[in-house]
Amino acid sequence: MANIVIIGTQWGDEGKGKVVDLLAEYADLVVRFQGGNNAGHTMVVNGKQFISHIVPSGILQNKICIIGNGVVIDPKVLLEEIESLKSKGVSISPENLMISENAHIIMPYHKNIDLASESTKGENKIGTTGRGIGPCYEDKASRKGIRFVDFIDPEVFKEKVCSVLPEKNFILEKYLSDKALDADSIIKEYSFYAKQLAPFTKNVSVIIFNALKSGKQILFEGAQGTHLDIDHGTYPFVTSSNTVSGNAACGSGIGPKAITGVIGIVKAYTTRVGAGPFPTELFDETGDYMQKKGAEFGATTGRKRRCGWLDMVILRNAARLNSLTGLAITKLDVLGGIKTLKICTGYEYNGKIIEDMPASIKLLSACKPVYEEMPGWDEDISGIRIYENLPETTKQYLKRIEELIETPINIVSVGPGRDETIVINNPLKKS
Ligand code: GDP
Ligand code: IMO
Ligand code: MG
């Protein structure tokens with residue numbers, strides 16, 4: 001029995017959706033445990049693309065999909081996503097989609113505060129997705145949030161909205177020069193959503209616990225990436241939740257002993273959307289090549305992703321922070337055609353070599369990457385399904401990654417499609 005967490009090791013968009021969709025075939029349950037619709041997870045099956053923002057990426061494999069207590073949910077977006085999946089022939093009902101009673105809901109004022117506060121920051125803005133994620137987690141921490149269990153109880157919901165809205169309107173009007181919101185219209189709109197989502201709302205901690213007891217296999221689907229983690233990322237240029245593997249337990253209501261492995265998703269180069277330090281970022285034609293060939297546009301906001309070389313300082317950090325037991329290397333096909341590849345093995349700061357990620361953003365921003373060079377390959381590797389058939393220089397690149405992260409590669413992805421994959425060792429397959 002294996003219960004595996006899938007984690008982004010960089011700054012998000014590593015290809016978590018593709019790997020979760022692929023491995024979900026061997027799982028019984030797929031659980032999202034943090035983040036919200038700031039995530040955009042892409043799956044490509046038989047040439048058809050699906051992007052999920054809240055519904056776990058196990059849905060196409062017809063597995064039980066659970067949205068855990070650690071997730072923040074925009075009910076309107078969730079309902080739209082359910083409808084869009086249904087229109088594409090995916091069956092969704094309270095039998096295969098369940099939402100934690102303890103998950104917090106994203107309210108209209110969270111979205112408005114997110115957008116308005118970003119625009120007041122000017123140069124210092126974080127470049128959030130504008131989905132209200134930060135303000136919703138702020139309310140959760142300050143105990144002003146609204147949980148699903150209260151959202152689906154009309155009386156409690158009304159009481160909570162009326163008690164919190166005066167403060168939100170004060171901030172919106174007086175501090176952010178935005179418009180105030182009307183309690184009655186929020187209550188009317190959200191009651192309509194609540195009625196539709198009530199049947200999906202359950203005590204999912206108990207459901208997961210019982211599944212574990214009966215020997216079912218579980219995939220925990222991380223969102224964002226290790227360096228967007230609120231504690232361990234490039235703060236303040238981070239998201240508002242813990243994105244590391246430890247939160248898979250807390251954000252879904254189980255204990256840490258249930259987790260048997262952690263697969264770190266590593267894009268074969270590095271990308272980042274939004275602001276914040278990125279030591280190996282490229283501003284030349286190689287960066288443009290990666291951006292164009294990799295179609296590096298955000299799956300949620302459509303923004304161009306910044307691109308750069310693979311960075312071992314952040315990947316070693318991810319291996320330690322997440323207890324990685326295996327790696328899935330994605331988008332390796334994109335590097336084909338680059339004559340010389342570079343891997344950053346450390347940073348230079350004030351004439352000294354730094355091997356561990358500095359906490360200070362000021363210091364990190366002043367770090368210069370130290371590179372090791374490797375020969376690239378010209379071949380199109382997207383049709384290869386057996387590791388041995390990869391070009392020698394491609395295998396050398398993969399071997400070097402394994403050596404530097406001290407973690408074995410389990411999966412190599414050579415294209416967006418579910419089948420465009422080389423599986424070396426399936427962490428969920430029962431032998
Ligand atoms: P996630 O947020 O980690 O799930 O990643 P995204 O879906 O935001 O971004 C990854 C993008 O790369 C998507 O457009 C995927 O379809 C695509 N993708 C995933 N794996 C591969 C791969 O191996 N090769 C190529 N060319 N594209 C890939
Ligand atoms: P997936 O799951 C990439 C980034 C935003 C911004 C910062 C804070 O698809 O990998 P937020 O809206 O969370 O307050 O924004 O975090 N960000 C992501 N970047 N992939 C994601 O998710 C992201 N989710 C948030 O661009 O820099
Ligand atoms: Mg994404």
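## A walk out from strand β15

Let's start inside the protein, on strand β15: Gly326, Ala328 and Thr330 point one way from the strand, Leu327 and Ile329 point the other way, and all of them are buried. Keep in mind that what you are looking at is a predicted model. Buried here means that a residue keeps under 20% relative accessible area. Five of the five residues in β15, which spans 326–330, meet that mark, so the strand is largely enclosed by the rest of the structure.

Who are the neighbours of β15? On this strand you'll find pairings with β11 and with β19. Strand β11 covers residues 261–267 and runs parallel to β15, with five bridges joining the two. If you want a spot to look for, try Lys267, which stands opposite Thr330 of β15. Strand β19, residues 409–413, also pairs with β15 in the parallel sense, this time over three bridges. Here the place to look is Ile329, which sits opposite Val412 of β19.

Now zoom out a little. Strands of a sheet pair through backbone hydrogen bonds, either parallel or antiparallel. The sheet that holds β15 is an open one of 10 strands with mixed pairing, and its order reads β9-β7-β5-β2-β10-β1-β11-β15-β19-β20. At the edges stand β9 (201–202) and β20 (421–423); each has a single partner strand, so one side of each is left without a neighbour in the sheet.

Elsewhere in that order, β2 sits beside β5. Four bridges join β2 (residues 29–32) to β5 (residues 64–67), and the two run parallel. Val30, for instance, has Cys65 in β5 as its bridge partner.

Time to step back to the whole protein, which has 13 helices and 20 strands. Its radius of gyration is 22 Å, close to the 22 Å that the globule rule gives for 431 residues, so the protein is as compact as a globular protein of that length. Along the principal axes, the C-alpha atoms fill a box of roughly 65 × 50 × 40 Å.

What share of the 431 residues is buried? The figure is 58%. Contacts reach far along the chain, too: among those between residues at least 6 apart in sequence, 76% join residues at least 24 apart.

Finally, have a look at the outside. The protein exposes about 18,100 Å², and carbon and sulfur atoms supply 51% of that area. As for charge, there are 50 positive and 51 negative ones, and their mean positions lie 2 Å apart.

Terms used:
Residues are numbered from 1 along each chain as its sequence is written. Chains are lettered from A and ligands numbered from 1 in the order in which they are written. This is a predicted model: local features need pLDDT of at least 70, side-chain atom pairs count only at pLDDT 80 or more; totals for chains, interfaces and linings use all residues. Side-chain values use heavy atoms; hydrogens and water are left out. Buried means under 20% relative accessible area, exposed over 50%, partly exposed in between (1.4 Å probe, protein chains only). Two strands pair if DSSP finds at least two bridges between them. The radius of gyration is taken over C-alpha atoms; the globule rule is 2.2 Å times the number of residues to the power 0.38. Contact means heavy atoms within 4.5 Å. Accessible areas come from the Shrake-Rupley method with a 1.4 Å probe; for residues, only the protein chains shown count as cover. Lys and Arg count as positive and Asp and Glu as negative; His and the chain ends are not counted. The place of a charge is taken as NZ of Lys, CZ of Arg, CG of Asp or CD of Glu.
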